[in-house]
Amino acid sequence: MTAKEVWHGEVRSDWVDYNGHMNDAAYAQVFSTALDALMEYIGLDEKGRFEEAYTIFTLETQLKYLAEAYEGQKLSVFVQLLDVDAKRMHLWFVMKNDQDDTIATSEQMTMGMEHELGRPAPFPKKVNEAVGKLPLLERDDWPDAANQPMGIRRKQ
């Protein structure tokens, strides 16, 4: 299933560090902004969050840096669902450069939260319908890097 583009932009000068390429924190910022864009897409923009008294929290993130990005370079972020239930989304974000190379991935577990109670709660009906339209990967189609623990690989 085709990933949904949720963000595009370019590497800002203030994202470039002493190594001459995009800082690791900027990659995290872009993926966080992509999640905000996804929230808008599923109806949880500022108005939707207020009307539904509902928001999304990030529970866990794993970010993989695969290539450098440079000032002014155009980037896009795409998302697919790895899994979903009544109140959680297991998301797979891919950041691509202007050459269509994957330069970073971010795997995120998110939880829907009811504002007033500050507790997890099922997605509101409209949000659930929008989440249901996101591209969902079958388990056999998950990227090899998805759902993998972090660790040092040792040669045998």
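Okay, before anything else, a quick definition: when I say helix, I mean a DSSP run of H or I with at least four residues, and the numbering of helices starts from the N terminus. Keep that in mind for Asn-147, which sits in the segment after helix 3, and helix 3 covers 125–131.

One thing to say up front: what you're looking at is a predicted model.

So, the overall layout. The protein has three helices and six strands. Walk along from the N terminus and you meet them in the order β-α-α-β-β-β-β-β-α. So how does the radius of gyration fit with a compact globule? Well, for 156 residues a compact globule would come out near 15 Å, and this protein has 16 Å, which agrees. If you'd rather think in boxes, the C-alpha atoms fill one of roughly 45 × 40 × 30 Å along the principal axes.

What about the inside and the outside? Of the 156 residues, 40% are buried. The accessible surface comes to about 9700 Å², and carbon and sulfur atoms own 46% of that. On charges, there are 17 positive side chains and 27 negative ones. The centres of those two sets lie 5 Å apart.

Now, contacts. Take the ones with a sequence separation of 6 or more: 68% of them are between residues 24 or more positions apart. Hold on to that number while we go through some individual residues.

Let's do the aromatics. How many aromatic pairs does a search of the whole structure find? Three, and I'll show you two of them. Start with Tyr-27 and Tyr-65, which form an edge-to-face pair, 5.1 Å centre to centre with 85° between the planes. Tyr-27 is in helix 1, residues 24–41, and Tyr-65 is in strand 2, residues 54–65, so this pair ties together parts that are 38 residues apart in sequence. And the two partners don't get the same label for burial: Tyr-27 has 2% relative accessibility, so it counts as buried, while Tyr-65 has 43%, so that one counts as partly exposed.

Next, Phe-31 and Phe-93. They make a tilted pair, 6.3 Å centre to centre, with 55° between the planes. This one links distant parts of the chain too, with Phe-31 in helix 1 and Phe-93 in strand 4, residues 88–97, 62 residues apart. Buried or exposed, what would you say for Phe-31? Buried, because its relative accessible area is 1%. Phe-93 is buried as well, at 0%. The cut-off for buried, by the way, is under 20%.

Okay, over to strand 1, which is 4–10. His-8 lives in that strand. With a relative accessible area of 60%, His-8 is exposed. Which residues does His-8 contact, if we leave aside its neighbours within four places in sequence? Leu-75 and Ser-76. As for Thr-33, it is 25 residues from His-8 along the chain, and their C-alpha atoms are separated by 10.0 Å.

Moving on a bit, the loop between strand 1 and helix 1 is where you'll find Asn-23. Not counting residues up to four places away in sequence, Asn-23 touches Trp-15 and Asp-17. There's also a long-range distance to look at here: Asn-23 and Ser-106 are 83 residues apart in sequence, and 15 Å apart C-alpha to C-alpha.

Now two loops to look at together. Ala-53 is in the loop between helix 2, which is 46–52, and strand 2. Its backbone is a bit of a curiosity: Ala-53 has a positive phi of about 50° although it isn't a glycine. Leu-117 is in the loop between strand 5, 102–114, and strand 6, 119–120. Leu-117 counts as exposed because its relative accessibility is 57%. And how far apart are Leu-117 and Ala-53 in space? They're 64 residues apart in sequence, but 9.6 Å C-alpha to C-alpha.

That brings me back to where I started, Asn-147 in the segment after helix 3. Asn-147 is not a glycine either, yet it has a positive phi of about 60°. With a relative accessible area of 41%, Asn-147 is partly exposed.

That's my tour, so over to you.

Definitions and conventions. Residues numbered from 1 in each chain as written. Predicted model: local features only at pLDDT ≥ 70, side-chain atom pairs only at ≥ 80, totals over all residues. Heavy atoms only, no water. Rg over C-alpha atoms; globule rule 2.2 N^0.38 Å. Buried < 20%, exposed > 50% of the residue type's maximum accessible area, 1.4 Å probe, protein only. Contact = heavy atoms within 4.5 Å. Areas by Shrake-Rupley, 256 points an atom, 1.4 Å probe, with all protein chains shown as cover. Lys, Arg positive; Asp, Glu negative; His and termini not counted. Charge placed at Lys NZ, Arg CZ, Asp CG, Glu CD. Phe/Tyr/Trp six-rings, centres within 6.5 Å; stacked < 30°, edge-to-face > 60°.
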